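Trainee: I have a structure to read and would like to practise. Can we work through it together?

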Amino acid sequence: MLRVGIIGAGGMGKIHADCWSKIKEAKIQVICDIEKDKAESLAKIYNTDTATSSSDVIKRSDIDIVDICTPTPFHADDIILALKSGKHTICEKPIARTLESAKEVIRVAKEVDVKFMTAHVLRFFPEFSTAKNLIDSGAIGIPRMARMKRGGPYPVGKWNDWYSKVEMSGGCLVDTGVHDFDFLRWIFGDAERVYASALTWKNILHKDYGLATIRFKSRAMAQVEITWAHPPKTPMKVGFELIGTEGMLTYDNYSSTPLRIMKEGETFNTFSMESPITEDPYLGEIEHFVSCIKENKEPLITPEDAYRALEIALACIESARTNRPVNVGGEI
Amino acid sequence: MKGAILSFAHIHAFSYIECLKRIPEVEVSAIADEDEDRGKSIASRFNTRYYRDYQDLLKSEDIDFVVVCSENAKHKDMVIASAQAGKHILCEKPISTDIKSAKEMIETTNRYGVQFQIAFPVRFSPIVRRVKNMIDNGEFGKIFAFNCTNHGKMPGGWFVDKSLAGGGAIMDHTVHVMDILRWYLGCEAEYVYAEGDTLLHNIPSDDVGLVSVTFENGIFATIDTSWSRPKSFPIWGDVNIYMTAEKGAVEIEVFNQNLSLYNDKTMSVSWLGWGSNMDFLMVKSFISSIKENKPVEVTGYDGLKAMEVALAAYRSIELQEPVKLPLEE
Ligand SMILES: NC(=O)c1ccc[n+]([C@@H]2O[C@H](COP(=O)([O-])OP(=O)(O)OC[C@H]3O[C@@H](n4cnc5c(N)ncnc54)[C@H](O)[C@@H]3O)[C@@H](O)[C@H]2O)c1
């Protein structure tokens, strides 16, 4: 039995806890949150211990896996501590808030004999993994260009409103863009330089938006739109166009909706669009990590992958701040 | 009112002549085309006089206006000669291929007192106009940014010959969207950064472009100008403008009023438009500007400022850094 300690019982902590509860060979041992009541209410559902300090969880000897779901700036220290304590570690993206701390994570990960993965869940979303497989099988010829879009309303109601603090979240291009940057690297390989414009530094309360152009070493190029500026409660929007020398693959979650539900309500009517699938990407991601531990395999997302995605993301906000293109791909 | 088409090098000439024919008080009585086979067959199809040399056509007293649809690099000479001959002019976009000649065209048309309109039909789209009205009414609050595309299929021919087109995909597809953004914002671009390359086709010009624009008021935009629609794509391309603002977001897909045709005879799918004919609305506006002697809705200056961004994009690609506008000649 693999015993799990979850750190951070917010939005992602809840999703991860639900996934762990569905894995037969794993058991959630302890749930930790700096806010006691959050840890307790989640612990009640899964019948686990609670903690309010991450180091208390990491140090426990009855834990095999640490799952870090705290705000971004707290990732690196806990990853390093967990790895050094001999725990397999999975951590929400991005790997860290700064490149220096991400480098330190990579250095430590190399020294220890446990598994480590950053949770770049996009690789487990079927619309994205199917696209990757199709491209690998030559469906569009040589991939040369991409357009990506992702976003929705501003993430409000979070711990300490941490998303609105650029020094914590990095803003939308870092927090949300990092998903697409990892995916683009998966398709095109390493990036060379980026140019971006964004609201990130303009101090507009609860609005952020960014447009990034990425040039890859292969000469391929991509345009990425990330928004946290849609009206509250509107559905998340995700789409891509992947263009090659012999064709194009496109996806748009607003049109790829096999289920549309119109319901009469007491006070107002509702309309929703859904796309149900049996494979939960978050569960797939955790199952993958478990299989890496059990079969002693290298996880699909390496520490270097996570570093490179963060590097592109940070280059974007640097470019947006300076109105200059920013080179990436330096030595780790 | 009598008009003439100067050159059918640009395929839009066919649409413009059809649109002009729908206006009762207008007659297209002559065409000029260097390509004698093409010119003669078009002249007989539309029942007009044919001239090989447009200079000869311009001597015709009965012609009130001309529509210039030659290769981009030839716009300048045709427009200047037409102005000198006292003809009103509707000129295909981009206005020309360099700042100096665009300025000369504007000056000459002013000097000879003729109307000079640039063919930006998207300005006349009811979809685009609806959003213009909403912006002007302040319905979105402060505008933040635009994410735009003007995609197409690779056109081939003179479009990929820099000496005739002045560039490739970036020259071809920056200007429509730029014109709309300038119109929406009432403000000029200040910085342009671009990435461009030949990535998809074996051609001498650029076929992909990502043009980033920062306006004087800080609003930013990107325009994807790429000829990236595959040969099998069901329609020629798109003009999409996604706007993000304080009070919401708008997605404009100008060419998304289509029927899907699944055709077994050609084993292909195509999207066939049923929306308003923007070319017709544009041509009608040009004719009424002449008739009522009122300013054209899209001026030579609009053409110049839109083209300037495309030129700045090429400059930026060379320098690998943002370029500040206005450009020097
Ligand atoms: N993969 C995805 O799809 C996805 C989606 C959203 C967020 N995320 C990532 O997940 C992470 C968490 O984001 P979230 O949306 O769940 O945020 P959240 O605010 O909902 O949750 C964070 C939780 O951590 C707790 N916390 C804060 N500091 C702590 C500390 N030092 N020790 C222990 N607990 C602490 C807070 O009380 C809160 O309950 C972020 O890194 C974010 O980038 C990933």
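Mentor: What follows is a set of short questions and answers on this predicted model.

Trainee: Which residues come nearest to the ligand?

Mentor: Look at the shell around the ligand. It has 26 residues. Those that come nearest are Gly11(A), Met12(A), Asp33(A), Tyr163(A) and Asp175(A).

Trainee: How many residues of each class are in the shell around the ligand?

Mentor: Sort the shell into nonpolar, polar and charged. Tyr counts as nonpolar and Gly as polar. The shell then has six charged, seven polar and 13 nonpolar residues.

Trainee: Why does the ligand lie between two domains of chain A?

Mentor: Check which domains give residues to the shell. Domain 1 covers 2–119, and domain 2 covers 123–277 + 309–327. Both contribute to the shell, so the ligand lies between domain 1 and domain 2 of chain A.

Trainee: How far is a polar side-chain atom of Lys38(A) from an oxygen atom of the ligand?

Mentor: A polar contact here needs N or O atoms within 3.5 Å. Gly10(A) has a backbone N or O atom 3.3 Å from a ligand oxygen. Lys158(A) has a side-chain N or O atom 3.0 Å from a ligand oxygen. For the polar side-chain atom of Lys38(A), the distance is 3.0 Å.

Trainee: What share of the ligand's exposed area does the protein bury?

Mentor: Start with the ligand taken alone. It exposes 840 Å². Of that, the protein buries 91%.

Trainee: Is His16(A) buried or exposed?

Mentor: First place the residue: His16(A) sits in helix H1 of chain A, residues 11–21. Buried means under 20% relative accessible area. The value for His16(A) is 0%, so His16(A) is buried.

Trainee: What distance separates the C-alpha atoms of His16(A) and Gly265(A)?

Mentor: Along the chain, His16(A) and Gly265(A) are 249 residues apart. In space, their C-alpha atoms are separated by 32 Å.

Trainee: What span should helix H11 of chain B have?

Mentor: H11(B) runs over residues 300–319, which is 20 residues. The expected span is 1.5 Å times one less than the number of residues. The end C-alpha atoms are 28 Å apart, which agrees with the expected 28 Å.

Trainee: How many residues of H11(B) are buried?

Mentor: The helix is mostly covered. Of its 20 residues, the buried ones number 15.

Trainee: What is the relative accessible area of Leu272(B)?

Mentor: Leu272(B) is in strand S14 of chain B, residues 268–273. Partly exposed lies between the 20% and 50% cut-offs. Leu272(B) is partly exposed, because its relative accessible area is 42%.

Technical notes. Residues numbered from 1 in each chain as written. Chains lettered and ligands numbered in written order. Predicted model: local features only at pLDDT ≥ 70, side-chain atom pairs only at ≥ 80, totals over all residues. Heavy atoms only, no water. Near = heavy atom within 4 Å. Polar contact = N/O pair within 3.5 Å; in protein donor to acceptor, adjacent residues only side chain to side chain. Areas by Shrake-Rupley, 256 points an atom, 1.4 Å probe, with all protein chains shown as cover. Domains from an automatic or database assignment. Helix = DSSP H or I, 4+ residues; strand = E, 2+ residues; numbered from the N terminus. Buried < 20%, exposed > 50% of the residue type's maximum accessible area, 1.4 Å probe, protein only.
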